[in-house]
Amino acid sequence: MTHLTGDDALAWWQRRATAAGLEPVTITSLPRPFPRTRVTRSAPYFTLTQFDGLARITDTTPLTDALKNGIGRAKSYGAGLLSLAPA
């Protein structure tokens with residue numbers, strides 16, 4: 001498994017947001033290094049991407065599930081969490 005960057009990361013977010021009941025309007029992305037808690041070769045290292053922007057809610061049922069359970073594969077590392085605020 002490799003991390004996504006650039007256009008691949010944006011395409012991933014658009015697919016996940018749509019599946020989660022959101023219609024992205026604006027998107028910005030920022031790479032965020034994920035610090036290792038142990039300095040060993042076996043410790044995981046990720047470069048995470050933070051997505052910010054505006055979206056319209058299209059379906060509250062999958063959005064509720066995504067807010068409760070997150071999205072993506074690295075949830076156990078704190079990635080894939082969603083937060084919403086009124087715009």
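These exercises work through the fold, contacts and surface of a predicted model.

**Exercise 1. Fold**

Task: State how many helices and strands the protein has, and in what order they run.

Solution:
- Step 1. Count the elements. The protein has two helices and two strands.
- Step 2. Read them from the N terminus. The order is α-β-β-α.
- Step 3. Place the boundaries. Helix α1 covers residues 6–19 and strand β2 covers residues 46–57. Strand β1 spans residues 22–34. Helix α2 takes in 60–69.
- Step 4. Add burial. Of the 87 residues in the protein, 18% are buried.

**Exercise 2. The salt bridge**

Task: Find the salt bridge and say which elements it ties together.

Solution:
- Step 1. Recall the principle. Side chains of opposite charge can pair when their charged atoms come close.
- Step 2. Apply the cut-off. A Lys or Arg side-chain nitrogen must lie within 4 Å of a carboxyl oxygen of Asp or Glu.
- Step 3. Find the pair. E23 and R56 meet this rule, with their closest N and O atoms 3.5 Å apart. The structure holds one salt bridge.
- Step 4. Locate the partners. E23 sits in strand β1 and R56 in strand β2, so the bridge ties together parts that are 33 residues apart in sequence.
- Step 5. Check exposure. E23 has 38% relative accessibility, so it counts as partly exposed. R56 is also partly exposed, at 47%.

**Exercise 3. Aromatic rings**

Task: Decide whether the W13 and F51 rings are stacked or edge-to-face, and name the cluster they belong to.

Solution:
- Step 1. Count the pairs. There are two aromatic pairs.
- Step 2. Take the geometry of one of them. The ring centres of W13 and F51 are 5.5 Å apart and the planes meet at 15°, so this pair is stacked. The cut-off for stacking is under 30 degrees.
- Step 3. Place the rings. W13 belongs to helix α1 and F51 to strand β2, so the contact joins parts 38 residues apart in sequence.
- Step 4. Check burial. The limit for buried is under 20% relative accessible area. W13 has 15%, so it is buried. F51 has 21%, so it is partly exposed.
- Step 5. Widen the view. Ring pairs link W12, W13 and F51 into a cluster.

**Exercise 4. Surface patches**

Task: Identify which residues form the positive patch and which form the nonpolar patch.

Solution:
- Step 1. Take the charged patch. R15, R16, R73 and K75 gather on the surface as a patch of positive charge.
- Step 2. Look at one member. K75 is in the segment after α2. Its relative accessible area is 36%, so K75 is partly exposed. Patch members need over 30% relative accessible area.
- Step 3. Take the nonpolar patch. I57, L67 and L84 form it, and together they have about 280 Å² of accessible area.
- Step 4. Place one of these residues. L84 lies in the segment after α2.

**Exercise 5. Distant in sequence**

Task: For A85, A87 and D7, give the C-alpha distance to a partner elsewhere in the chain, and say whether each residue is buried or exposed.

Solution:
- Step 1. Start with A85, in the segment after α2. Its C-alpha is 9.5 Å from that of L54, and 31 residues separate the two along the chain. A85 has 65% relative accessibility, so it is exposed.
- Step 2. Go on to A87, which also lies in the segment after α2. The C-alpha atoms of A87 and A55 are 9.1 Å apart, with the residues 32 apart in sequence. At 97% relative accessibility, A87 is exposed.
- Step 3. Finish with D7, in helix α1. D7 and S29 are 22 residues apart in sequence, and their C-alpha atoms are 9.9 Å apart. D7 is exposed, at 66%.

Definitions and conventions. Residues numbered from 1 in each chain as written. Predicted model: local features only at pLDDT ≥ 70, side-chain atom pairs only at ≥ 80, totals over all residues. Heavy atoms only, no water. Patch = residues over 30% accessible without salt bridge, like charges linked within 9 Å, V, L, I, M, F, W, Y side chains within 5 Å. Areas by Shrake-Rupley, 256 points an atom, 1.4 Å probe, with all protein chains shown as cover. Lys, Arg positive; Asp, Glu negative; His and termini not counted. Charge placed at Lys NZ, Arg CZ, Asp CG, Glu CD. Helix = DSSP H or I, 4+ residues; strand = E, 2+ residues; numbered from the N terminus. Buried < 20%, exposed > 50% of the residue type's maximum accessible area, 1.4 Å probe, protein only. Phe/Tyr/Trp six-rings, centres within 6.5 Å; stacked < 30°, edge-to-face > 60°.
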